[in-house]
Amino acid sequence: MAEQDRTKLTGRITVPGDKSISHRSIIFAAISTGVTTIDNFLKSADCLSTMQAFKDLGVKIDERDGQVVVTGVGLKGLTQSNQPLDMGNSGTSTRLITGLLAGQHFDSTLVGDASLSKRPMARVTDPISQMRADFTSTENHLPLTVFGRPLHGIHYRLPVASAQVKSAIILAALQATGDTVIEEPTASRDHTERMLAAFSPASIDREDHKITIHPGHPLTAQHVTVPGDISSAAFWLVAVAIVPGSSITIENVGINQTRTGILSVLKQMGAQLAIQERPQANEETEPSADITITASALKPFEIGAEEIPALVDEVPLLALLAARADGVSRITGAEELRFKESDRLAVVAEEFHKLGIAIEELPDGFVIDGRKSWQVQNTDLDSHQDHRIAMTLKIASLLVPEDVTIRDFDAVNISYPSFLADLQRLRS
Ligand SMILES: O=C(O)C1=C[C@@H](OP(=O)(O)O)[C@@H](O)[C@H](O)C1
Ligand SMILES: C=C(OP(=O)(O)O)C(=O)O
């Protein structure tokens with residue numbers, strides 16, 4: 001059997017629910033009144049950290065017939081946890097919950113694993129301190145104690161496009177006296193805004209890059225359907241694009257335009273892509289589509305700071321795509337990757353060098369020459385305990401004849417526990 005027949009990917013697949021939307025579904029359900037039901041909630045380690053934190057804050061959360069059922073306690077009904085809240089590996093859980101806890105009537109302490117304890121928190125504590133919040137931490141890292149205080153509204157311009165920071169301020173602003181206005185330099189993912197508009201339409205106004213939060217309006221329980229995670233689908237989009245002879249359809253992928261940067265890059269590269277949109281209930285509901293992709297020749301691409309927010313978690317995969325393109329690609333404006341679960345710019349360069357990929361690390365991105373053939377130098381790869389790196393390296397390994405090992409591969413449980421099973425299904 002030819003190499004490409006053994007590795008090619010074919011068939012149809014549904015990827016698990018979106019991680020960002022799953023986190024937010026628990027948060028908004030918890031602070032609303034009534035019973036929220038959530039379909040297709042992502043049961044990965046990160047989202048389970050959010051779920052456990054809200055249980056610790058006194059919220060009843062059950063699973064019934066595959067649905068997550070949350071009995072909301074309202075914005076003022078959370079109760080103090082009798083232990084530190086364990087955020088595990090999840091930056092999103094930590095930053096969003098910090099915004100929410102800042103305006104509560106009790107104090108809380110947040111802890112996390114070694115990776116999370118190295119990630120910067122000042123990006124959320126600084127703006128929320130302007131709202132009169134109060135925190136203590138060691139050099140702006142976890143453990144972080146949040147002293148619940150009455151807050152007041154602010155006008156804040158985000159220095160960097162970050163959905164986590166924006167969402168933390170929104171959650172604080174809902175409890176403040178007076179409106180809060182948030183302006184973003186470039187649009188980051190808007191799942192918080194959409195979900196708030198569903199739970200409490202009167203609480204939010206949006207206009208271009210400006211969001212206004214009007215506190216004091218009730219949040220009411222909803223039914224939430226979480227679409228498939230485009231950041232998980234991205235592994236298969238890239239695998240199919242680069243493994244000759246492959247063709248698959250991924251069903252029900254979230255295509256919120258603040259997340260679809262990877263689709264734009266694939267189109268720019270000349271990938272064969274067909275996107276069939278599914279009917280959408282209303283403008284604020286998360287849109288989804290069935291996406292079919294077939295392997296084809298790929299042109300190089302260039303992306304910069306403007307494009308990064310819509311594909312921020314896909315940059316390692318884009319570097320892999322570039323390594324199979326016919327020419328030199330450049331990714332710049334991606335310095336934020338240094339503050340993720342690992343320093344993703346340094347780690348991608350280090351691990352790709354082992355595979356013989358012609359990649360140069362820049363302070364804010366990469367230059368990758370896809371024309372150079374890969375001469376594997378070292379088959380001992382390392383995920384650096386970062387889920388996205390683990391999965392990117394696994395996809396890269398489909399293209400090399402050597403058997404490679406990936407240290408700490410089980411980091412995939414953070415966002416995509418069924419990754420290996422799905423890979424097996426697509427290769428059989
Ligand atoms: O809000 C979110 O759900 C996320 C926002 C992004 O982080 P930043 O806000 O730090 O860019 C992203 O990298 C992360 O995986 C999820
Ligand atoms: C950066 C990520 O997540 P978080 O910030 O929530 O840890 C990610 O999932 O790639």
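Where in the chain does Asp313 lie? Here is a short, friendly walk through the structure that starts from this residue.

1. Asp313 sits in the loop between β17 (302-303) and α10 (315-322). Helices here are DSSP runs of H or I with at least four residues, and strands are E runs of at least two, numbered from the N terminus. An unreviewed UniProt entry lists Asp313 under "active site"; UniProt positions follow the numbering used here, feature names are shortened, and annotations may be inferred rather than shown by experiment.

2. A word on what you are looking at: this is a predicted model, in which local features need pLDDT of at least 70 and side-chain atom pairs count only at pLDDT 80 or more, while totals for chains, interfaces and linings use all residues. Residues are numbered from 1 along each chain as its sequence is written, and chains are lettered from A and ligands numbered from 1 in the order in which they are written. The mean pLDDT of the chain (the predictor's confidence in each residue, from 0 to 100) is 97, with 99% of residues at 70 or more. The model's scores are ipTM 0.99 and pTM 0.98.

3. Back to Asp313: it counts as buried because it has 23 C-beta neighbours inside 10 Å. (Buried takes 20 or more other C-beta atoms within 10 Å of a residue's own, exposed 12 or fewer, and partly exposed falls in between, with C-beta atoms placed from the backbone.) Setting aside residues up to four places away in sequence, Asp313 touches Ser231 and Arg388; contact means C-beta atoms, placed from the backbone, within 7 Å.

4. The chain divides into domain 1 (3-16 + 227-427) and domain 2 (19-225), with bounds from an automatic or database domain assignment. Their C-alpha centres are 29 Å apart. In the contact between them, 20 residues of domain 1 meet 21 residues of domain 2. The domain 1 side of this contact has 6 nonpolar, 7 polar and 7 charged residues. For these classes, Ala, Val, Leu, Ile, Met, Phe, Trp, Tyr, Cys and Pro are nonpolar, Asp, Glu, Lys and Arg are charged, and the others, Gly among them, are polar.

5. Around ligand 1 you will find Ser20, Thr92, Ser162, Ala163, Gln164, Ser167, Arg189, Val312, Asp313 and Glu336. A residue belongs here if its C-beta atom, placed from the backbone, lies within 6 Å of the molecule. Helix α6 (residues 163-173) gives the most to this shell, with 3 residues. Each of the two domains supplies at least three residues to the shell around ligand 1.

6. Ligand 2 is surrounded by Asp46, Ser90, Gly91, Thr92, Asp313, Lys340, Glu341, Arg388 and Ser415. This shell has no nonpolar, 4 polar and 5 charged residues. Ligand 2 lies between domain 1 and domain 2, because both give residues to its shell.

7. Just after Asp313 in the fold comes α10, where 8 of 8 residues are buried. Helix α10 is also among the elements covering the buried residues of α9, together with α8 (230-242), β15 (272-277) and β17. In α9 (residues 261-268), the buried residues are Gly261, Ile262, Leu263, Val265 and Leu266. After α9 comes Gly270, with a positive phi near 85°.

8. A last stop is Ala411, in the loop between β22 (405-407) and α13 (419-427). Ala411 and Ala390 are 21 residues apart in sequence, yet their C-alpha atoms are 6.9 Å apart in space.

How values were computed: Two residues are in contact if their C-beta atoms, placed from the backbone, lie within 7 Å.
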